[in-house]
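I opened this entry to keep track of what I looked up in the structure. I go from one helix to the whole chain, then to a single lysine and the ligand.

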Amino acid sequence: MPASNQPDVMDKLVSLCKRRGFIFQSSEIYGGTGSVWDYGPLGVELKKNLKDLWWRSMVRMREDVVGLDAAILMHPRTWEASGHVAGFTDPLVDCRVCKGRFRADKLEDARCPQKPSKRPGEAEQCQLTEPRMFNLMFKTFMGPVEESASTVYLRPETAQGIFVNFLNVQQSTRQKVPFGIAQIGKAFRNEITPGNFIFRTREFEQMEMQFFVEPGTDMEWFEFWKAERMAWHRSLGLAPARLNFHQHAGADLAHYARAAFDIEFDFGGTLGFQEIEGIHNRGDFDLGRHQEHSGKKLEYFDQPNNKRYLPYVIETSVGADRTALAALVNAYREELVEGEDEGRTVLGLHPSLAPIKAAVFALTKKDGMPDMAHRIAGDLRGHFPVDYDETGSIGKRYRRQDEVGTPFCVTVDTDSVKDGTVTVRDRDSLKQDRISAEALRGYLQERLQHE
Ligand code: ATP
């Protein structure tokens, strides 16, 4: 894992996210639930923007990918076939002294709770147990009887809903291989060591796409999707220097995978480069296992060539929460403003991700300014999320918007009421333009690249 030169902004982000309504700890009034988070008014917009951008690039803009929304609860045999019942485990070690629990394969990243400068096992007093395998799937019961026959699992990934629907989708849409099925949805993993805010949680959202191809063409498609997916992360404004590929090789490569790369983002500080997306060539493992366990043929019939085969699968699997965190970390900066004593905190979010696209201010509450500002905000609101603010100094109002990543602030002053012009201030360049209120919507849409 390459070391990070980027500062650690996580604590500052956690506090900003809470203060400004991006992300709250789940059930906080009861002391919080371990590593589960709630998205507040701004967070839900940010994550929705991210999911919409993914859906647009993966489904809407492509003729060869279609969408799906499969249920979270699936037939329990799905998870036997997929290998999750037997193998979706992490090695768990306990410390007999501090009662800490750690993943044996991630001790590198962990800290001894009693001696945070050391890793578990490094300090003299540490007494680690032998690793035990721990299944990460959440179990529950379907129906009123709590017995093993009615055990079901909360899905630990969305992919299996796609595999079991492969033929339903293919036949109903008359898609020809190669084609893909995409879905966004919740997944649940009883992680041993969740943490780092929304980086590793027990309930999270995945955006997954399984692309079905003819065997023999798989590596070509694998390279295609690798490049596409990296380009997508860059299109969100993630700094190219903070993104890289990590290849899985040797023991790192899952037994069923023919090739696998992660896209990593540099989260800064001790976390450094970490996976945000996995791109895998899964061969025919998944369809093969479901065919075997269900007894139903899942082969594709290639009519023009009169042949049947089990397609290979190229998977792209990305976490919505983890990518939202990457976008926040990437965007966070503190800087001095020329001519002002106070510095500012800015979320330099890409405009397409920003929860609020423009804020409208009435300079004072007099002379018809609030009326005009309300009218302008009302007109813009039909097109994108807008905030209205008339309290505090203009400087304070700018700071409030900078901190949540609003790309533009529009001010209505005494001249505006007379001549119908407003000032528009750009979050990043701090440049101010005076333009006619009539032209405002077009001006903003052009710069936000928003329809
Ligand atoms: P890790 O090695 O970090 O546990 P993984 O290799 O198990 O991740 P995948 O199963 O490939 O992850 O899942 C695909 C994506 O889903 C990851 O790249 C990540 O963005 C997201 N993801 C996986 N587990 C979690 C989690 N516990 N919390 C948040 N996002 C997650």
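I take two residues to be in contact if their C-beta atoms, placed from the backbone, lie within 7 Å. I worked throughout on a predicted model.

**Helix H10.** I started with helix H10, residues 369-381. I read off 13 residues and a reach of 18 Å from the first C-alpha to the last, close to the 18 Å expected at 1.5 Å a residue. Which residues of H10 are buried? I found Met-369, Ala-373, Ile-376, Ala-377 and Leu-380. These buried residues cover an arc of only 100° around the axis, so they sit on the same side of H10. On the face turned away from that buried side I noted the exposed residues Asp-371 and Gly-378.

I then asked what the buried residues of H10 pack against. The strands on that list are S19 (358-362), S20 (386-389), S21 (408-412) and S22 (421-426). The helices on it are H12 (414-419) and H13 (440-448).

**Whole protein.** I noted the domain assignment, which gives domain 1 as 10-77 + 154-328 and domain 2 as 356-448. Taken over C-alpha atoms, the centres of domain 1 and domain 2 are 38 Å apart. I counted 13 helices and 23 strands in the protein. Along the principal axes, the C-alpha atoms fill a box of roughly 75 × 70 × 50 Å. The protein has 451 residues, of which 34% count as buried. Of the contacts between residues at least 6 apart in sequence, 64% join residues at least 24 apart.

**Lys-47.** I located Lys-47 in helix H2, residues 41-60. Is Lys-47 buried or exposed? Lys-47 counts as buried because it has 22 C-beta neighbours inside 10 Å, and the cut-off for buried is 20 or more. Leaving out residues up to four places away in sequence, I found that Lys-47 touches Tyr-39, Ala-320 and Ala-324. I also checked Phe-211, which is 164 residues from Lys-47 along the chain; their C-alpha atoms are separated by 24 Å.

**Ligand shell.** I looked last at the 16 residues around the ligand. Phe-204, Gly-278, Ser-317, Gly-319 and Arg-322 come nearest. Which elements each supply at least two residues of the shell? I listed strands S10 (203-213), S13 (273-283) and S16 (312-319), and helix H9 (320-331). S13 gives the largest share, four residues. By class, I recorded eight charged, five polar and three nonpolar residues in the shell.

Definitions and conventions:
Residues are numbered from 1 along each chain as its sequence is written. This is a predicted model: local features need pLDDT of at least 70, side-chain atom pairs count only at pLDDT 80 or more; totals for chains, interfaces and linings use all residues. Domain bounds come from an automatic or database domain assignment. A residue is buried if 20 or more other C-beta atoms lie within 10 Å of its own, exposed if 12 or fewer, and partly exposed in between; C-beta atoms are placed from the backbone. A residue is near a molecule or strand if its C-beta atom, placed from the backbone, lies within 6 Å of it. Ala, Val, Leu, Ile, Met, Phe, Trp, Tyr, Cys and Pro count as nonpolar, Asp, Glu, Lys and Arg as charged, and the others, Gly among them, as polar. The expected span of a helix is 1.5 Å times one less than its number of residues. The arc is that of the directions from the helix axis to the C-beta atoms.
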